[in-house]
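Reader: I have a structure on my screen and would love to walk through it with you. Could we take it piece by piece?

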Amino acid sequence: MEKDIKKLISQMTLEEKAAMLSGSDSWHTAAVDRLGIPSVMMADGPHGLRRETGVRGESYPATCFPTGSALACSWDRALITRLGSALADECRSQGISIILGPAVNIKRSPLCGRNFEYYSEDPYLSSQTASAYIKGVQSKGVGTSLKHFAANNKETDRMTTDTVVDERTLREIYLASFETAVIEAKPWTVMCAYNKLNGEFCSENRYLLTDILRKEWGFEGMVVSDWGAVNERDDGVLAGLDLEMPTSFGVNTQKIIDAVKSGKIPAEALDRAVGHVLSLVLKCIEAKKSFPHTKTFTDSEHHALAREIASQCMVLLKNDGTLPLKKTGRLAVIGQFAKKPRYQGGGSSHIHPTMLDIPLDEIKKSAPGLTVLYSDGYDLSDETGAPDPALIDEAVKTAESADAAVIFAGLPDSFESEGYDRRHMKMPDSHNALIEAVSKVQKNTVVVLFNGSPVEMPWIGSVSAVLEGYLCGQASGGAAADILFGDVNPSGKLAETFPKKLSDNPSYLNFPGEKPNYVEYREGIFVGYRYYEKKQIAPLFPFGHGLSYTTFEYRGIKTDKTEIGDGDTLTVQVTVANTGKRAGKETVQLYVRDVESSIMRPFKELRGFEKVELEPGEEKTVSFTLSKRDFAYYDTELNSFEVESGTFEILAGGSSADTPLCQTVVYHSGAVRKPKYNKLTQIGEIAKNPAATALLQEFLAKFGLNIDIKALSQWIYEMPLRNIYLTGINIPQEEFDNLIEKLNNL
Ligand code: BGC
């Protein structure tokens, strides 16, 4: 293929090459008929296909699977890969070669309007989810577009904002969410974000697009701009942005031509970008031979898959035993979401579903022997969200006359979407007031939430159970019914922390940023549970939390070594048992904790997870392999991930807040950090290095000061070398300079 590409490039004119670097319209790459180069088509993404019909705002029907927030709660790589494979089939059925997803931006604040599309606050979970998705899609000959690269974590000023992040935070949190997915799953394309990163637009950021993406991570695919993310097209080509989307109607093509003619863009840079686009096009064409663009599934099959996936994603947040519900007696179903469910978010990922489950109907179908009563509870068409006393009264009466009540509530469309951020973390007053009122008269009140990101739950103490349904796609209704009646045992675990209130969130003071077009990530690496744990702020529901209708017991943890070093791997085995009466699935979570560190580090960090299915009484042992990176932080002096020698704890359990198993290992780091000495070096720094200590003692002895540096007090330790004269000895400048030089030559 490389030969073909070189040959094609050698035959192309400058004008053809420049045109190749822009879409021919909103969704196609440019063709060159003369040379037989076809165009390929892309479409959104990520949780279903949005192939536009040509009429503004309309797209062809496609299966709407659970959105990113929900999907990540499955913690199930195999399931996510199956979803990816189904998405590829949907693409093939509509002639699409690349789906624009997955979206892996970190959930820095619960307020980001696009959180519903993103996976997690944790880069490991996010990147693993993305890898599984990419592998699934690409296994069927369809490409993906990992987006939005990078640090695109709010919607306010999204096309122009400057995201200011320090290097360590960028590496450990925001880039890490992309890194494993790029290295392991090799997405065919990466989409650069709209925003600036540390003063430079991502679309013209060489550090991101070339130094990190290609040189460090070995990315060999094509970089595409987010739709309209191009600022200066010629700078973009130089930085590593291959394809601009959508078309700029020739304006930027001319800019590229001019820049090549003036020498600003060297011929090699142009050919490199053209090569990346061509290689993607040829790959898509080649893939079609093995995976023809035909329909290989029925819509009902994919709807059933969407239901299965959704039922593995929803998270049972609270349950006093009211769930699962009985299939007999009288059940009050309350809230307009039961008839008009919210199951996806607004913006570029909005899908025209092939079919739609209505929760109320699905409840009736799941339990034909049950008397189901219904009441609106609130009016979705009232955008103010003000409680309607008449609707609440009616709902209370319905609830009173039933054995249990299920309230469908959450966030209406206008509360969150691509394009704008939420202003607060509250549900509409009408939903909150309804839940308060119903739970006063009905002790078996269950709340099912449809929302894309965390909400405050002022009523949490008054209700019996809460099922977090997120935006679980077109089969949300069926999946919710499956869980409510226990036809499916819930197994989702939160991929993000639910704080009690917005002000507990680490980004609270800096979201969306104090000035327009500017945000500083001042909380640094302390995002999500990394912050709440360190600050000992109890959340409403912790990261990794999720209940089941059965119970699990963590029985043992073993490592194959007790001491490891940089080149080693550590095998960890964790045994978990189902101690309840139902079959169920549990996600074993593995965290690593640096017990004592001179570097500021989170209390612990997620480094592994495995979802297992267990019959009642069954026990399984799952295995994890850890290596250097799992113990490391990003060292900004050495510009690499490094470990500080010392003791680490390997913690395992079913939630970040519940890790009953712990095994200790000692890490011996090979990192060589040559200290740099100068007149401001503190005596305590010298004391850390035996050779430097000996040298300084010998030096001082020459001037009549005989001391044991190791035995000095803290306040002397904090004295810089330049202040030695305070001990009463007179050291000539030349001798002092010699000392510094010798220390640096040790
Ligand atoms: C979004 C992308 C999307 C693209 C194409 C942009 O506004 O940020 O995620 O893929 O539009 O619809």
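Reader: Which residue in β3 is the bridge partner of Ile-98?
Author: Keep in mind that this is a predicted model. Strand β2 (residues 98–100) pairs with strand β3 (residues 143–149) in the parallel sense, over two bridges. In β3, the partner of Ile-98 is Gly-143.

Reader: In what order do the five strands of the open sheet with parallel pairing lie?
Author: Start from the edges: β1 (42–44) and β8 (222–225) each have a single partner strand, so one side of each is left without a neighbour in the sheet. From one strand to the next, the twist averages 30°. The order of this open sheet is β1-β2-β3-β5-β8.

Reader: How many of the residues of β3 are buried?
Author: Helix α7 (residues 176–185) lies across β3 and β5 (189–192), running at about 160° to β3. Strand β3 is largely enclosed by the rest of the structure, because its buried residues number seven of the seven.

Reader: Which residue in β8 stands opposite Cys-192?
Author: Here we look at β5 and β8, which pair in the parallel sense over four bridges. In a regular strand the side chains alternate between the two faces of the sheet. In β8, Met-222 and Val-224 lie on one side and Val-223 and Ser-225 on the other, and all are buried, so both faces are covered. The residue opposite Cys-192 is Ser-225.

Reader: At about what angle to β8 does α11 run?
Author: Helix α11 (residues 267–290) gives the largest share of the largest nonpolar core, with 11 residues. This helix lies across β2, β5 and β8. Its angle to β8 is about 105°.

Reader: Which residues touch the most other members of the largest nonpolar core?
Author: That core holds 184 residues. One of the residues you ask about is Trp-459, which touches Met-427, Asn-432, Ile-435, Glu-436, Val-447, Leu-449 and Val-466, leaving out residues up to four places away in sequence. The full set is Phe-149, Phe-408, Met-457, Trp-459 and Leu-484.

Reader: How many residues are in the second, separate core?
Author: Among its members are Val-576, Val-588, Val-643 and Ile-650. The count for this core is 27 residues.

Reader: Asn-152 caught my eye; is it buried or exposed?
Author: Asn-152 is found in the loop between β3 and β4 (162–164). Not counting residues up to four places away in sequence, Asn-152 touches Asn-105, Tyr-118, Ala-193, Tyr-194 and Asn-195. Its relative accessibility is 3%, so Asn-152 counts as buried.

Reader: What span should the 15 residues of helix α12 have at 1.5 Å a residue?
Author: Helix α12 covers residues 299–313, and its end C-alpha atoms are 21 Å apart. That agrees with the expected span, which is 21 Å.

Reader: Which elements do the buried residues of α12 pack against?
Author: An α-helix has 3.6 residues a turn, so residues three or four places apart point the same way. In α12 the buried residues include His-302, Leu-305, Ala-306, Ile-309 and Ala-310. The buried residues pack against α3 (68–72), α4 (77–93), β9 (315–319), α16 (476–484), β19 (584–594) and β20 (605–614).

Reader: What share of residues 586–656 is strand?
Author: An unreviewed UniProt entry annotates residues 586–656 as "domain: Fibronectin type III-like". Over this stretch the end C-alpha atoms are 14 Å apart, and the chain is 6% helix. The strand share is 59%.

Reader: Which residue in β24 stands opposite Asp-594?
Author: An open sheet with mixed pairing has the order β17-β25-β24-β19-β20. At its edges are β17 (563–565) and β20, each with a single partner strand, so one side of each is left without a neighbour in the sheet. Strands β19 and β24 (residues 646–653) run antiparallel and are joined by six bridges. The residue opposite Asp-594 is Phe-648.

Reader: And Cys-662: what is its relative accessible area?
Author: Cys-662 is found in strand β25 (residues 661–668). Neighbours within four places aside, Cys-662 is in contact with Ile-557, Glu-649, Ile-650 and Leu-651. Its C-alpha atom is separated by 8.7 Å from that of Gly-556, which is 106 residues apart along the chain. Cys-662 is partly exposed, with a relative accessible area of 37%.

Definitions and conventions
Residues numbered from 1 in each chain as written. Predicted model: local features only at pLDDT ≥ 70, side-chain atom pairs only at ≥ 80, totals over all residues. Heavy atoms only, no water. Core = buried A, V, L, I, M, F, W, Y, C linked by side-chain atoms within 4.5 Å. Buried < 20%, exposed > 50% of the residue type's maximum accessible area, 1.4 Å probe, protein only. Contact = heavy atoms within 4.5 Å. UniProt positions renumbered as here; feature names shortened; annotations may be inferred. Pairing = 2+ DSSP bridges. Axes fitted to C-alpha atoms, helices over the stretch in contact; angles between N-to-C directions. Expected span 1.5 Å × (residues − 1).
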